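Reader: I am new to this structure. Please take me through one part of it closely, the salt bridges and what surrounds them.

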Amino acid sequence: HLPGLILEFLLGAWAWHWGRTTNQSRRPLAAVLGATLAVATVWAYPVLEHWAGGHDWKNGQLGAVTGAAFALWLAGTAHATPVWGWLRDVGWWAGRLSYGVYLLHMAWLPWLVVLRSAVGAWQALALGLVLLILSAEGLHRLVEAPARAWGRQWAAAWIRQKTSVSPG
């Protein structure tokens, strides 16, 4: 599992760097490629899952494909022009929730199985996605953002303490 996770982390680091340094004229292309790859992955998932034949290395790489789609899309929307500012805002919001989605997505899978038998596959997928996004937003607001703020305050206080102590 580790190689796939490293790849997904590196894709995220690449998206951040590329979105900040690449010529703006190439960014929309990355966003379009990412969105296209994401849609293709959703539509091709049943075919890919059947081809993989279960839980083996091929099936495990679907996360890397999804990560690549997300990275391309975020890199393409990172600094969108004012006309496309809404796309940038959606990208920043999705990036902010990505850690919560990563942490919580497996917790919702058993519920999707129950929902699928009750309401159908596509409805269960849509409802599961809404529940995942809401729970990731809640996790971000209630845990992640306060923890980051506390960490920044602690680091700033530690730096002030270290710089205020005179040597000797």
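Author: Here is the setting, followed by the salt bridges and a surface patch.

This is a predicted model. The protein chain has 6 helices and 0 strands. Along the sequence, the pattern reads α-α-α-α-α-α. Of its 168 residues, 24% count as buried. Take the contacts between residues at least 6 apart in sequence: 69% of them join residues at least 24 apart.

Now the charged pairs. Side chains of opposite charge can pair when their charged atoms come close. A search of the whole structure finds 3 salt bridges.

Start with E137 and R96. Their side chains meet in a salt bridge, at 2.8 Å from N to O. E137 sits in helix α6, while R96 sits in helix α5 (residues 85-119), so this pair ties together parts that are 41 residues apart in sequence. How covered are the two partners? E137 is buried, because its relative accessible area of 13% falls under the 20% cut-off. R96 has 32% relative accessibility and counts as partly exposed.

E137 has another partner, R141. The side chains of E137 and R141 form a salt bridge at 2.5 Å, N to O. Both residues belong to helix α6. They are 4 residues apart, about one turn of the helix. R141 counts as exposed, because its relative accessibility of 59% is over the 50% cut-off.

Next come R148 and E144. Their side chains meet in a salt bridge of 2.9 Å, N to O. These two are also in helix α6, 4 residues apart, so about one helical turn separates them. R148, at 43% relative accessibility, counts as partly exposed. E144 is buried, at 12%. As for shared partners, salt bridges join R96, E137 and R141 into one network.

Finally, look at the surface. W150, W154, W158 and I159 make a nonpolar patch of about 520 Å². One of these residues, W154, has its place in helix α6, which covers residues 121-164. The accessible surface of the protein chain comes to about 12,000 Å². Carbon and sulfur atoms account for 72% of that surface.

To recap, E137 pairs with R96 and with R141, whereas R148 pairs with E144. Helix α6 holds E137, the pair R148 and E144, and W154 of the nonpolar patch.

Note on methods
Residues numbered from 1 in each chain as written. Predicted model: local features only at pLDDT ≥ 70, side-chain atom pairs only at ≥ 80, totals over all residues. Heavy atoms only, no water. Patch = residues over 30% accessible without salt bridge, like charges linked within 9 Å, V, L, I, M, F, W, Y side chains within 5 Å. Areas by Shrake-Rupley, 256 points an atom, 1.4 Å probe, with all protein chains shown as cover. Salt bridge = Lys/Arg side-chain N within 4 Å of Asp/Glu carboxyl O. Buried < 20%, exposed > 50% of the residue type's maximum accessible area, 1.4 Å probe, protein only. Contact = heavy atoms within 4.5 Å.
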